[in-house]
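Biologist: Before we go through this model, could you set out the terms and conventions, and then take my questions one at a time?

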Amino acid sequence: MEPRNLNEEQDQNSWALNAWTLLSKLRDQSPLIQCITNFVSMDLMANTLLSAGASPAMIHSIEEIQDFTPHIHALCINVGTLSPAWLPAMREAALVANKAGKPWILDPVAAGASRFRLEACLELVGLNPSVIRGNGSEIIALSKASLGATKGVDSSHESMDAMEAAKSLAQSSGAIVAVSGAVDIITDGHRVVGAHNGVSMMQKITATGCAVTALIAAFIAVDPLHALEATASALSIFGIAGEMGMDMAKGPASLRMHLIDSLYNLDQAAVSSRLKVTSL
């Protein structure tokens, strides 16, 4: 075997072991994840967190933030159905999480679709998220701080198109930036890795991107000091669950069901044999 191939195999084994270790810790610790998210995604996000072993809390009222948020293990903020009434609670929750030393994750849904949405997302980026996870168009919009071509909440760009934008955003924000696509890109502004698991039909299920952002929050909760590795592991685990679910699915509706079941039943053998993360 070529030395380079041996090194690649060792890297895969290391990534797979790390991902399995984090999933096992998540199942053991059941971290409390607060999700301030959109109406479309609440159900799938909560069920994704539950099936992975975490404890979801869909609390978004600003009146509850000061009492509740200090006790969570991580916070997920998703701007999908953004309204002026919700933005203060998002801002307050991020500030409280920061003060309590709890990681928080931003999902800037359709960031470039309107001036109001873009400005809200840029304000949240300025509140020091641990991770920003979006599609290519969203990450490009945030990096350039400009409105851009979007197709609603869908991306007009492949993840690879957004690699330089992701690196720039990571450097300017201090966050790990993840770009979902055929290959998920994860970067700290210097190092870039790609997570290659998943199936295209996952794009036909609403809120799968939102759900994986919540899963990233759960993984960060159990390993906050290694945010890049935790993010790549969460994306890979979710992708593997999608692959396994697709083996049994007949379409998007049954894939949604089997995805959740596969995540719940995921074992170390499946992670070891399927996970693929590479340096880019």
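Modeller: A polar contact is a pair of N or O atoms within 3.5 Å, where, within protein, one atom must be able to donate a hydrogen and the other to accept it, and residues adjacent in sequence count only if both atoms are side-chain atoms. This is a predicted model, in which local features need pLDDT of at least 70 and side-chain atom pairs count only at pLDDT 80 or more, while totals for chains, interfaces and linings use all residues. Residues are numbered from 1 along each chain as its sequence is written, and side-chain values use heavy atoms, with hydrogens and water left out.

Biologist: Which backbone oxygen does the side chain of Arg-117 reach?

Modeller: Arg-117 has its place in helix 5, where helices (H or I, at least four residues) and strands (E, at least two) are DSSP runs numbered from the N terminus. Leaving aside neighbours within four places in sequence, its contacts, meaning heavy atoms within 4.5 Å, are Val-79, Gly-80, Leu-82, Val-109, Ala-110 and Ala-111. One of these residues also supplies the polar partner, since at 3.1 Å the side chain of Arg-117 reaches the backbone oxygen of Val-109.

Biologist: How far from Arg-117 is the nearest side chain of opposite charge?

Modeller: Lys and Arg count as positive and Asp and Glu as negative, with His and the chain ends not counted, and a salt bridge is a side-chain nitrogen of Lys or Arg within 4 Å of a carboxyl oxygen of Asp or Glu. Arg-117 is buried, that is, under 20% relative accessible area, as against exposed at over 50% and partly exposed in between (1.4 Å probe, protein chains only). No salt bridge is formed by Arg-117, and the nearest side chain of opposite charge, that of Glu-138, is at a distance of 7.6 Å.

Biologist: What arc around the axis do the buried residues of helix 5 cover?

Modeller: In helix 5, residues 115-125, the buried positions are Arg-117, Leu-118, Ala-120, Cys-121, Leu-124 and Val-125. They lie on the same side of the helix, because the arc, taken from the directions from the helix axis to the C-beta atoms, spans only 165 degrees.

Biologist: Which strands and helices do the buried residues of helix 5 pack against?

Modeller: The strands involved are strand 3 (74-78), strand 4 (104-107) and strand 5 (131-135). The helices that these buried residues pack against are helix 4 (87-100), helix 6 (136-144) and helix 7 (163-173).

Biologist: Which residue of helix 4 meets Glu-123 of helix 5 in a salt bridge?

Modeller: The structure holds 7 salt bridges, and in this one the N to O distance is 2.5 Å. The pair links parts of the chain 32 residues apart, one in helix 4 and the other in helix 5. Glu-123 is partly exposed at 32%, and its partner, partly exposed at 27%, is Arg-91.

Biologist: Are Arg-133 and Asp-107 buried or exposed?

Modeller: These two form a salt bridge whose closest N and O atoms are 2.8 Å apart. Arg-133 lies in strand 5 and Asp-107 in strand 4, so the bridge ties together parts 26 residues apart in sequence. Arg-133 and Asp-107 are both buried.

Biologist: In strand 7, what is the bridge partner of Val-179?

Modeller: Strand 6 (residues 176-180) has 5 of its 5 residues buried, with Ile-176, Ala-178 and Ser-180 on one side and Val-177 and Val-179 on the other. Two strands pair if DSSP finds at least two bridges between them; strand 6 runs parallel to strand 5, joined by 5 bridges, and pairs in the antiparallel sense with strand 7 (residues 184-187) over 3 bridges. A hairpin joins strand 6 to strand 7 through 3 residues. Across that antiparallel pairing, the partner of Val-179 is Ile-185.

Biologist: What separates the C-alpha atoms of Ala-89 and Ile-62?

Modeller: Ala-89, in helix 4, counts as buried at 2% relative accessibility. Not counting residues up to four places away in sequence, Ala-89 touches Ile-36, His-60, Ser-61, Ile-62 and Ile-65. Ala-89 and Ile-62 are 27 residues apart along the chain, yet their C-alpha atoms are separated by 4.5 Å.

Biologist: Which residues does Ser-41 contact, leaving aside its neighbours within four places in sequence?

Modeller: Ser-41 is found in the loop between strand 1 (32-36) and helix 2 (42-52), and counts as buried at 0% relative accessibility. Beyond those neighbours, Ser-41 is in contact with Ala-207 and Cys-210.
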